[in-house]
Amino acid sequence: MEKKFIVIAEFYLKPGTMDAFLKLAMEDSARSQADEEGCLGFDVLVPQNKEDVVILYETYVDAEAFEVHKRMPHYKPFVEGIPSLLSKERTVQFLTHI
């Protein structure tokens, strides 16, 4: 049975910053899926019942593939660009898909 490494990160945004955040997240998503062999999926989700919240649902072949993701050039603009957009600390869950 093939297990996958899942990352679910929930970001809480300052009012009026959704467009700027989505631009950074969508670029990171697109580059991750195009450039990273170990990235199996990277969805950017906006809950219907919450304003100013974005959830990233990322699927990797294993935890090492996620570590590779964090070293990729396209990750840096995302991680450096989001702090000023957040209203509070993000939450992150690491899961195993069985």
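In helix α3 (residues 75–81) of this predicted model, E80 and K76 are four residues apart and therefore separated by about one helical turn. The two residues form a salt bridge, with the closest N and O atoms 3.9 Å apart. This distance counts because the rule asks for a side-chain nitrogen of Lys or Arg within 4 Å of a carboxyl oxygen of Asp or Glu. E80 is exposed, at a relative accessible area of 54%.

A salt bridge also occurs in helix α2 (residues 63–71), where E67 and K70 are three residues apart, again a separation of about one helical turn. Their closest N and O atoms lie 3.3 Å from each other. E67 is partly exposed, with a relative accessible area of 32%, and K70 is likewise partly exposed, at 34%.

The pair K50 and E10 joins separate elements. Their side chains meet in a salt bridge at 3.2 Å, N to O. K50 belongs to the loop between β2 (39–45) and β3 (53–60), whereas E10 sits in strand β1 (residues 4–13), so this salt bridge ties together parts that are 40 residues apart in sequence. K50 counts as partly exposed, at 38% relative accessibility, while E10 is buried, with a relative accessible area of 16%.

The three pairs are set out below.

| Salt bridge | N to O distance |
|---|---|
| K50 and E10 | 3.2 Å |
| E67 and K70 | 3.3 Å |
| E80 and K76 | 3.9 Å |

By the rule applied here, the count comes to five salt bridges, among them the pairs K50 and E10, E67 and K70, and E80 and K76.

Conventions: Residues numbered from 1 in each chain as written. Predicted model: local features only at pLDDT ≥ 70, side-chain atom pairs only at ≥ 80, totals over all residues. Heavy atoms only, no water. Helix = DSSP H or I, 4+ residues; strand = E, 2+ residues; numbered from the N terminus. Buried < 20%, exposed > 50% of the residue type's maximum accessible area, 1.4 Å probe, protein only.
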